[in-house]
Amino acid sequence: QVQLVESGGGLVQNGDSLRLSCVLSGHIFSNYNMGWFRQVPGKEREFVAHIRWDGGNTDYADSVKGRFTISRDNAKNTVWLQMSNLKPEDTAAYYCAAGMATLVWREWTMPTDYNYWGQGTQVTVSS
């Protein structure tokens, strides 16, 4: 059974930085493309960033491009989301997701592209 556990959320001020971590257990980490999404109450889950199974390709939502960086270490079964210059509009619950890497092309920007989800970690940015 694949499990994802996020950590690193918290309360920060406008302009601060924060790094989220997500550890996958129960399967071979390098079999999965990894993504980060976020969600605020009453809204749909929103794509934030994606990284290919080998770290060779990354993609970001326009709203975070240039401020957030996704990275992974397959030896540590871990994916990170480094968030810089945080803004109040970044406030949300952040979710890590794993999607089995296949030959079928996907954009990896939709929640339905992913098979497993973490429980979420709250990020709150005060103004």
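**Group meeting talk: a buried charge network and its surroundings**

Hi everyone! Let me start with one residue: arginine 38 is buried, with a relative accessible area of 5%. Before I go on, please keep in mind that this is a predicted model.

What does arginine 38 pair with? Arginine 38 forms a salt bridge with aspartate 90, and their closest N and O atoms are 2.9 Å apart. This pair links distant parts of the chain: arginine 38 is in strand E4, residues 32–39, while aspartate 90 is in the loop between E8 and E9, 52 residues apart.

Is aspartate 90 buried or exposed? The cut-off for buried is under 20% relative accessible area. Aspartate 90 has a relative accessibility of 1%, so it counts as buried.

Aspartate 90 has another partner. It forms a salt bridge with arginine 67, where the closest N and O atoms are 2.7 Å apart. Here too the pair links distant parts of the chain, since arginine 67 is in the loop between strand E6 (58–60) and strand E7 (68–73), 23 residues apart from aspartate 90. Arginine 67 is buried as well, with a relative accessible area of 10%.

Put these together on your screen and add one more residue: Arg38, Glu46, Arg67 and Asp90 are linked in a network of salt bridges. In total, the structure holds five salt bridges.

For contrast, look at another one. The side chains of aspartate 62 and lysine 65 meet in a salt bridge, at 3.2 Å from N to O. Aspartate 62 is exposed, with a relative accessible area of 67%, and lysine 65 is partly exposed, at 47%.

Now back to the loop that holds aspartate 90. Threonine 91 is also in the loop between E8 and E9. With 22% relative accessibility, threonine 91 counts as partly exposed. What does its side chain reach? A polar atom of the threonine 91 side chain lies 2.9 Å from the backbone oxygen of proline 88. A polar atom of that side chain also lies 2.9 Å from the backbone nitrogen of valine 125. If we set aside neighbours within four places in sequence, threonine 91 is in contact with Val40, Gln122, Val123, Thr124 and Val125. And if you like distances, the C-alpha atoms of threonine 91 and leucine 11 are separated by 9.1 Å, although these residues are 80 residues apart along the chain.

Let's move to leucine 86. Where is it found? Leucine 86 is in the loop between strand E8 (78–83) and strand E9 (92–100). Its relative accessible area is 0%, so leucine 86 is buried. What surrounds it? Not counting residues up to four places away in sequence, leucine 86 touches ten residues you can click through: Val12, Gln13, Asn14, Gly15, Asp16, Ser17, Leu18, Arg67, Phe68 and Val125. Arg67 in that list is the arginine we just met in the salt-bridge network. Not everything is a neighbour, of course: leucine 86 and histidine 50 are 19 Å apart, C-alpha to C-alpha, and 36 residues apart in sequence.

Next, the nonpolar side of the story. As a general point, in soluble globular proteins, nonpolar side chains tend to be buried together. In this model, the largest nonpolar core has 34 residues, and those with the most contacts inside it are Met34, Trp36, Val79, Leu81, Met83 and Tyr94. The elements that give two or more residues to this core are strand E3 (18–25), E4, strand E5 (46–51), E7, E8, E9 and strand E11 (121–126). Which element gives the most? That is E9, with five residues.

Pick methionine 83 as an example. Leaving aside neighbours within four places in sequence, methionine 83 is in contact with Asp16, Ser17, Leu18, Leu20, Arg67, Phe68, Tyr94 and Val123.

Finally, let's zoom out. The protein chain has zero helices and 11 strands. Its radius of gyration is 14 Å, close to the 14 Å that the globule rule gives for 127 residues, so the chain is as compact as a globular protein of that length. The C-alpha trace spans about 45 × 25 × 25 Å along its principal axes. Buried residues make up 42% of the 127 residues. Of the contacts with a separation of 6 or more, 58% are between residues 24 or more positions apart. The accessible surface comes to about 6600 Å², and 48% of that belongs to carbon and sulfur atoms.

That's my tour. Thanks for listening!

Terms used. Residues are numbered from 1 along each chain as its sequence is written. This is a predicted model: local features need pLDDT of at least 70, side-chain atom pairs count only at pLDDT 80 or more; totals for chains, interfaces and linings use all residues. Side-chain values use heavy atoms; hydrogens and water are left out. Helices (H or I, at least four residues) and strands (E, at least two) are DSSP runs, numbered from the N terminus. Buried means under 20% relative accessible area, exposed over 50%, partly exposed in between (1.4 Å probe, protein chains only). Contact means heavy atoms within 4.5 Å. A polar contact is a pair of N or O atoms within 3.5 Å; within protein, one must be able to donate a hydrogen and the other to accept it, and residues adjacent in sequence count only if both atoms are side-chain atoms. A salt bridge is a side-chain nitrogen of Lys or Arg within 4 Å of a carboxyl oxygen of Asp or Glu. The radius of gyration is taken over C-alpha atoms; the globule rule is 2.2 Å times the number of residues to the power 0.38. Accessible areas come from the Shrake-Rupley method with a 1.4 Å probe; for residues, only the protein chains shown count as cover. A nonpolar core is a set of buried Ala, Val, Leu, Ile, Met, Phe, Trp, Tyr and Cys residues joined through side-chain atoms within 4.5 Å.
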